[in-house]
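Student: I have a chain open in the viewer and would like to work through its pockets, cores and backbone one step at a time. Could we begin with the open space?

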Amino acid sequence: MSYGPLENQDLAAAARLLSSAFGVEQVDSERWLHALDNPRAIRVDDEVVATFAEYRTEMAFGAWVPVSCVAGVAVALEARGRGHGRALMEGHLREIRAEGVPLASLYASTQVLYRSVGYEQAGEALQRSIKASRIPSGPRDLELYEVPLHSDLRPLYEPFALRHPGMLRRNPELWARALGQRLPEPRRLYMLGDEGYVCVCGAKEEAVVSDLVTLTPRALRRAWTLLCDLRSMISTVGWASHPQDPALLLFGEQSSRVTRSERWFLRIVHVEQALLRRRYAIDGELHLHLSDPLFPENEGPWLLRVA
């Protein structure tokens with residue numbers, strides 16, 4: 001058994017594993033592998049039995065901290081139960097630590113595997129829905145205007161993301177996903193003055209907010225007033241949310257419902273770099289005693305002093 005890069009001649013075999021694991025067409029799996037970074041594989045007798053790829057980007061913790069976002073972990077059905085998934089994840093963690101990447105993150109289909117190599121729950125991503133008739137109308141004190149989907153939104157998105165731990169700095173593939181460019185429904189991108197933007201994907205009876213960035217409370221209110229104005233054409237609005245979503249404070253009643261909940265996992269790969277690269281809201285000292293069987297170099301005690 002060996003861990004290493006996915007070679008071009010192995011692309012079709014890896015795509016078949018992904019298609020079987022996630023129930024998608026092989027051509028879509030191949031396109032997806034091309035869009036991601038650094039596809040890797042476990043081989044047994046020169047045959048690919050497990051694969052994954054990553055988004056190599058940065059995660060917001062007051063500052064941008066390098067992170068490897070693991071995606072598309074797949075193990076051949078006939079090869080499961082033999083430790084190939086764990087070997088794949090251990091190989092990846094050792095590789096990125098050697099490259100100085102302090103964090104790894106993923107959404108886990110099974111907790112047992114990922115916890116066995118040091119991942120743990122770090123946050124929760126929600127999908128919420130609300131009846132359009134329950135959205136309150138607010139002030140229209142910000143100019144609202146439509147812009148092309150290829151507009152550069154980074155000057156608004158990045159300061160917003162840095163306020164929300166766990167958000168990612170987006171590469172082109174992540175931007176395409178955030179703006180719904182993989183969806184067949186029409187999309188509209190509206191600027192909220194110079195204080196935010198909202199991207200709405202229209203579908204029959206439902207509008208889906210694929211991306212919402214607001215730097216001020218009035219931008220948040222203006223975005224939801226826009227969605228309220230759509231109520232003559234749609235019956236519900238869906239949006240990506242989180243447990244501390246400020247949009248919930250705009251509604252008179254607890255009118256929304258959670259339609260999907262998924263927890264994301266984090267693994268500290270290099271403790272010193274992870275602590276040094278982020279920012280902290282308060283001064284103080286933190287004493288840490290850590291255990292890390294995979295990386296003894298991470299084991300404490302550590303003293304973090306912020307002044």
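Student: How much space lies in the second largest pocket?

Tutor: This is a predicted model, and the values we discuss are computed from it. Rolling a probe the size of a water molecule over the atoms shows where empty space is left. For the second largest pocket, that space comes to about 330 Å³.

Student: Which element supplies the largest share of the lining of the second largest pocket?

Tutor: The lining holds 19 residues, and L275, R278, Y280, L286 and L304 lie nearest the pocket's centre. By character, the lining residues divide into 15 nonpolar, 1 polar and 3 charged. At least two lining residues each come from β12, α8 (271-277), β13 and β14, and the largest share, 4 residues, is supplied by β13.

Student: Which element gives the largest share of the largest nonpolar core?

Tutor: In soluble globular proteins, nonpolar side chains tend to be buried together. Here the largest nonpolar core has 50 residues, and those with the most contacts inside it are L33, M89, L93 and Y119. Two or more residues each are given by α1, α2 (26-35), β2, β3, β4 (64-75), α3 (84-98), β5 (103-107) and β12 (257-268), and the largest share, 8 residues, comes from β4.

Student: How many residues are in the second, separate core?

Tutor: This core stands apart from the one we have just discussed, and among its residues are I135, V198, A207 and L230. Its size is 23 residues.

Student: Is L6 buried or exposed?

Tutor: L6 sits in the loop between β1 (2-5) and α1, and, leaving out residues up to four places away in sequence, its contacts include L11, A14, L33, P39 and V48. Seen from the other side, L33 touches L6 as well as L11, A14, A15, L18, P39 and A53, again with residues up to four places away left out. Because the relative accessible area of L6 is 10%, under the 20% cut-off, L6 is buried.

Student: What distance separates the C-alpha atoms of L6 and I42?

Tutor: Along the chain, L6 and I42 are 36 residues apart. In space, their C-alpha atoms are separated by 8.7 Å.

Student: Which backbone atom does the side chain of S19 reach?

Tutor: S19 is placed in helix α1 (residues 11-22), and its relative accessibility of 13% means that S19 counts as buried. Beyond its neighbours within four places in sequence, S19 is in contact with V24, E25, Q26 and S29. Its side chain reaches, at 3.3 Å, the backbone nitrogen of Q26.

Student: Is D45 buried or exposed?

Tutor: Most residues other than glycine have a negative phi, and most peptide bonds are trans. D45 has a positive phi near 55°, and N38, in strand β2 (residues 37-44), likewise has a positive phi, near 50°. N38 counts as partly exposed because its relative accessibility is 30%, while D45, in the loop between β2 and β3 (47-60), has a relative accessibility of 76% and therefore counts as exposed.

Student: What is omega for the cis peptide bond that joins G300 and P301?

Tutor: P301 is placed in the loop between β13 (284-288) and β14 (302-306). The peptide bond that joins G300 to P301 is cis, with an omega of about 10°.

How values were computed. Residues are numbered from 1 along each chain as its sequence is written. This is a predicted model: local features need pLDDT of at least 70, side-chain atom pairs count only at pLDDT 80 or more; totals for chains, interfaces and linings use all residues. Side-chain values use heavy atoms; hydrogens and water are left out. Buried means under 20% relative accessible area, exposed over 50%, partly exposed in between (1.4 Å probe, protein chains only). A polar contact is a pair of N or O atoms within 3.5 Å; within protein, one must be able to donate a hydrogen and the other to accept it, and residues adjacent in sequence count only if both atoms are side-chain atoms. Contact means heavy atoms within 4.5 Å. A nonpolar core is a set of buried Ala, Val, Leu, Ile, Met, Phe, Trp, Tyr and Cys residues joined through side-chain atoms within 4.5 Å. On a 1 Å grid over the protein atoms alone, a cavity is a set of points where a 1.4 Å probe fits but cannot get out, and a pocket is an open set with protein on both sides within 12 Å along at least five of seven lines; lining residues have an atom within 4 Å of a point. Grid points are joined across faces, edges and corners, and a volume is the space filled by probe spheres set on the points. Ala, Val, Leu, Ile, Met, Phe, Trp, Tyr, Cys and Pro count as nonpolar, Asp, Glu, Lys and Arg as charged, and the others, Gly among them, as polar.
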